[in-house]
2 protein chains.
Amino acid sequence: MIVPTLGTMLENIGLLLALASARGVAAASKALAPAELNARSYSLLEQIVLADGPSQRDLADALRLDPSQIVALVDQLEDRGFAERRPAPTDRRLKAVVVTDQGRRFYAQVRADVERSLDDVLADLSRDEREQLRSLLHRIARPESAAPELVD
Amino acid sequence: MIVPTLGTMLENIGLLLALASARGVAAASKALAPAELNARSYSLLEQIVLADGPSQRDLADALRLDPSQIVALVDQLEDRGFAERRPAPTDRRLKAVVVTDQGRRFYAQVRADVERSLDDVLADLSRDEREQLRSLLHRIARPESAAPELVD
DNA sequence: TATTGTTATACTCTATAACTATA
DNA sequence: TATAGTTATAGAGTATAACAATA
């Protein structure tokens, strides 16, 4: 190795964010592989379980994905019997995405595996530090002065 | 909107990391677009500027990319006259990647734009909080007990 | 006119395997 | 036998535009 301490001179917080995120996604993906789910579909299922009835537009906003991508992801959950599309009573353009009993059970199972894998990623951090990190990230990922700026 | 508070019930720190990272990359990409550089190439150039002589393997480790991807990225920097490959004197398998004067000037220019764009992303955080975040992320992205685990 | 869901498509990224030259 | 760099390629992920139905 020519430069042994390359990594230690890193200051760029943007790169640090990207590297930490990549580690988290990799760990979650590995944990989810046996269930044939990827990290994005897991997060989508989680949103559906927690909200129980969001429109696809809501899901696109929550995950900062293009609505056209939500279509395929919800299709997959529907094909596996984990979610269903229901016409929204108030606005016939909307489709409410609801979790099925089977989907709720499945989520409970895989969630334990995912959280264990994230524990590994956060192993060096105390409980307090994890809460700090979560709070700081929340203010970056979901600023109070909303203004979603997926495309600009 | 069916569920107004979807975003606020988010606990998943893995998703928060991914969203925050995506915001950072998007902001940096936007700032770098006029210079026809993407976030990854910027980080690569930064490593070369800071280390001045890393092997391509070093760069792959620092950015957690596959060595085969570094080839194309270094090619691009070389084509634009920002970096050069030099045979390493100690081991003829290695190629030391060094920044050119032109590359150093270019980096200084775009760096200001990137840091300004990251300021926007971190706007809600105080100086102390940014330092906290950087420190926490560093311990996730570059754990002391190294063991790079790109592929496993 | 604007918005939701949808389809199709092109583009970028990423992962993987195989090869060479050197050690 | 192992490592650095390289090439090629297939797959996953992403962005974009256009359309029908509804508001």
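Copies are superposed by least squares on the C-alpha atoms of residues with pLDDT of at least 70 in both. This is a predicted model, in which local features need pLDDT of at least 70 and side-chain atom pairs count only at pLDDT 80 or more, while totals for chains, interfaces and linings use all residues. Residues are numbered from 1 along each chain as its sequence is written, chains are lettered from A and ligands numbered from 1 in the order in which they are written, and side-chain values use heavy atoms, with hydrogens and water left out.

**View 1. Chain A and chain B superposed.** A rotation of 180° with 0.0 Å of shift along its axis places chain A on chain B, with an RMSD of 0.0 Å. This is the relation of a two-fold axis. The same surface serves both copies, as 100% of the contact residues of chain A recur in chain B. Contact here means heavy atoms within 4.5 Å.

**View 2. The interface of chain A and chain B.** In this interface, 57 residues of chain A are in contact with 58 residues of chain B. The buried area is about 5,700 Å², and carbon and sulfur atoms give 66% of that area. Buried area is the accessible area (1.4 Å probe) that two parts lose on being put together, summed over both. Two salt bridges are found across the interface, a salt bridge being a side-chain nitrogen of Lys or Arg within 4 Å of a carboxyl oxygen of Asp or Glu. A:Glu129 forms a salt bridge with B:Arg139, and their closest N and O atoms are 3.0 Å apart. On the side of chain A that touches chain B, at least two residues each come from helix H1 (13-32), helix H2 (39-51), helix H3 (56-63), helix H5 (101-121) and helix H6 (127-141). Helices (H or I, at least four residues) are DSSP runs, numbered from the N terminus. That side of chain A has 32 nonpolar, ten polar and 15 charged residues. Ala, Val, Leu, Ile, Met, Phe, Trp, Tyr, Cys and Pro count as nonpolar, Asp, Glu, Lys and Arg as charged, and the others, Gly among them, as polar.

**View 3. The surroundings of DNA strand C.** DNA strand C is surrounded by 18 residues, and the closest are A:Gln56, A:Arg57, A:Arg85, A:Lys95 and B:Arg40. A residue is near a strand if one of its heavy atoms lies within 4 Å of it. Of the strand C atoms that come within 4 Å of the protein, sugar and phosphate account for 79%. A polar side-chain atom of A:Gln56 lies 2.8 Å from a phosphate oxygen of the strand. Base oxygens of strand C are approached by polar side-chain atoms of A:Arg93, at 3.2 Å, and of B:Ser68, at 2.9 Å. H4(A) gives the largest share of the surface near strand C, three residues.

**View 4. The surroundings of DNA strand D.** Around DNA strand D there are 19 residues, the closest being A:Arg40, B:Gln56, B:Arg57, B:Arg85 and B:Lys95. A side-chain N or O atom of A:Ser68 is 2.9 Å from a base oxygen of this strand, and one of B:Arg93 is 3.1 Å from a base oxygen. A backbone N or O atom of A:Arg92 lies 3.0 Å from a phosphate oxygen of strand D. H4(B) supplies the largest share of the surface near strand D, three residues. By class, this surface has four nonpolar, six polar and nine charged residues.

Definitions and conventions:
Polar contact = N/O pair within 3.5 Å; in protein donor to acceptor, adjacent residues only side chain to side chain.
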